[in-house]
Amino acid sequence: MSENTVKTADTGITMGGNFIHDIIDQDLADHKYSREITTRFPPEPNGYLHIGHVKAICIDFGTAMKYGGKCNLRYDDTNPAKEEEEYVGSIEGDIRWLGFQWNQLNYASDYFPKMYECCEELIRKGKAYACQMTPDDIKNSRGTLTEPGKNSPYRDRPAEESLQIFHDMRDGKYGDGEVCIRAKIDMASPNMNMRDPVIYRVLHVTHHHTGDRWCVYPIYDFAHPIEDAIEGITHSLCSLEFEDHRPLYNWVLESLDWPEPPQQIEFAKLNLSNTIMSKRYIRKLVESGVVEGWDDPRLCTIAGMRRRGYTPEGIKNFVMAVGVSKANSNIDMSQLEFFIRDDLKDKTESRMVVLHPLKLIIDNYPEGQTEWLPVENKAGDESKGTHEMPFSRELWVEQEDFMEVPAKKYFRLFPGNEVRLKGAYFVTCNSVVKDENGNVVELHCTYDPDTKSGTPGADARKVKGTIHWVDAGSCIDIPVREYGYLAQYNEETGYNEFDPNSKTDLTAKAEPFLKEIAPGERVQFFRNGYYIADAVLSKPGAPVFNQIVGLKSSWKPEAK
RNA sequence: AGGGGUAUCGCCAAGCGGUAAGGCAGUGGAUUCUGAUUCCACCACCCGGGGGUUCGAAUCCCUCUACCCCCGCCA
């Protein structure tokens, strides 16, 4: 068994596989590099980071950490037409929130002078040339997947001529698309990327970082290996679709005679079921106003997950458990939810909140009387202490905790059945009141004064059900938003499409103690899951709660 | 015969010639003042199909099949 395959971290989380570690171990054994292991996370600043990027971030930063090396954050901003400053700040904040610290913060655009020189060098060496075919002609002469392309008529022009044109390009003497610099490789290569790829283009666009200093910009395939080499990257980790680009990546560095060049290693992207991962589509949702913004809690952006209440630890544990491989995968949402729940269960306290209220009246409890009862802050965890809850004759309980005609193995409230009110007394349901439509609107019960929690009577006999409740006279109303699936699979289109209805607004009845929850704090609602007080929308005294994840339940109504 | 990848349980994922790890999901049970948590147990005679090599293969060879990526002056 490889040392790097199965590993239990300090957290007890089982790690998925990671073939990258095997490669690096070998490189280390071979003394391939005279510098320390260095990686980079190179986002293009054209959108917010999402769960897919988290995997890349964990791999890039995690690999550097594992080998005691460094990881740089680098904005891959070689195309000014598609990038904006707005995203730059969010990216740094998101990475910091995840808990990673970069070594250097770089802009690929800061390397434009060096890249320009490298291009000159290739031209001088006869490995690149200025091509004045139109974009359409270049496209048409490239050939197809099964047919070779044709050489550009400019392919063999003198290096000095190409060099002069390149300088003129830089000096603004050409318009967009009039001329470009192409690598001279092989128009008959079965790898389309090697058919004299364009490496520099004219673009009269203001760059968010370099302004109007340049009107020529390098193409990714030429820029990236140079960026990596400049920074001393040893392992350039990227996703699978760049496998075909690796020969070009290596060609650039070899042609430049770069010593100890970095190597590119590809891994499979993260895909989540029922989730929209495409940056393009997320942008559409944001711009069309279907969602509240890039940080809408229903989105799988880091900002959205943060606002939804997911923890960095939970997310990272999930990513580590998923592992690193080269097989396309589609991971179940339940896997992510498990790790969020798993992380939250020790970090949260429990509060009683009735999402769908049903009035419960204790007929034999004195009218006007209220007693304060201590309730555990966390079930089964005495170290977390207790807090006081008011209890009186009229309460709210959950609608689903009562069934007029009980299903099999249903052991909550139904006529004639006795249950425990969490932290309070045993009650037995005697009768119900219905409205004109036949809906049960009120439960009449009697309680047993000898069964008060904390007294011997509370354990004298067993009841199978324990339900949560809230004092009707003193409870507070809180807005609650429950989020469903982030997206639904549309069979007609074959795509995951955002479900704008995946949000339910409720006004729930909550115990008064919930007032003391601060925005951003997470709590567990009894049997309803984990929630977070929305740090963005909540105002003092009126917290809004977003659902993070629901609790698993081993009882299903079908089991009748 | 374009090229490059990938195929191991419903979903991820170990395995690298010695006779199928683990996690999620699921199932059964114990504990429980949340049907949560915790805790046990079960959950691939088989590794995309078919051949072959071998005492022995998911692991080597041949072949077939399926899926993903590549014809941007995007990244």
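Student: Which residues of H11 do Ile51, Val54, Lys55 and Cys58 in H2 meet?
Tutor: This is a predicted model, so treat what follows as a reading of that prediction. On the H2 side, the contact is made by Ile51, Val54, Lys55 and Cys58. Their partners in H11 are Ile315, Lys316, Phe318, Val319 and Met320.

Student: By class, how many residues in the contact of H2 with H11 are nonpolar, and how many are charged?
Tutor: Let's sort them by class. Polar residues don't feature here: there are none in this contact. The split is two charged and seven nonpolar.

Student: How are H2 and H11 oriented, roughly parallel or roughly perpendicular?
Tutor: Start with the axes: helix H2 (residues 51–66) and helix H11 (residues 312–322) come within 10 Å of one another and cross at roughly 70°. Angles of 65 to 115 degrees count as roughly perpendicular. That crossing therefore makes H2, relative to H11, roughly perpendicular.

Student: OK, on to charges. How many salt bridges does the structure hold?
Tutor: A pair gets counted when a side-chain nitrogen of Lys or Arg is within 4 Å of a carboxyl oxygen of Asp or Glu. Arg307 with Glu292 is one such pair, its closest N and O atoms being 2.7 Å apart. For the structure, the tally is 43.

Student: How many residues apart in sequence are the parts that Arg307 and Glu292 tie together?
Tutor: Look at where each one sits. Arg307 is in helix H10 (residues 302–308), while Glu292 is in the loop between helix H9 (279–287) and H10. So the pair ties together parts whose separation in sequence is 15 residues.

Student: Is Arg307 buried or exposed?
Tutor: The cut-off for buried is under 20% relative accessible area. Glu292 is partly exposed because its relative accessible area is 40%. Arg307 has a value of 9%, so Arg307 is buried.

Student: Which residue forms a salt bridge with Arg307 from the loop between strand E26 and strand E27?
Tutor: That loop lies between E26 (529–533) and E27 (545–549), and the pair ties together parts that are 227 residues apart in sequence. The closest N and O atoms of this bridge are 3.5 Å apart. Both partners are buried. The residue you're after is Asp534.

Student: Which residues are linked with Arg307 in a network of salt bridges?
Tutor: We've already met two of them, as Glu292 bridges to Arg307 and so does Asp534. The network that includes Arg307 links Glu292, Asp295, Arg481, Lys503 and Asp534.

Student: What about Arg351 and Glu349: which one is buried?
Tutor: Their side chains meet in a salt bridge, 2.7 Å from N to O. Glu349 is partly exposed, given its relative accessible area of 26%. At 3% relative accessibility, the buried one is Arg351.

Methods:
Residues numbered from 1 in each chain as written. Chains lettered and ligands numbered in written order. Predicted model: local features only at pLDDT ≥ 70, side-chain atom pairs only at ≥ 80, totals over all residues. Heavy atoms only, no water. Axes fitted to C-alpha atoms, helices over the stretch in contact; angles between N-to-C directions. Helix = DSSP H or I, 4+ residues; strand = E, 2+ residues; numbered from the N terminus. Parallel < 35°, antiparallel > 145°, perpendicular 65-115°, else oblique. Contact = heavy atoms within 4.5 Å. Nonpolar A, V, L, I, M, F, W, Y, C, P; charged D, E, K, R; others polar. Buried < 20%, exposed > 50% of the residue type's maximum accessible area, 1.4 Å probe, protein only.
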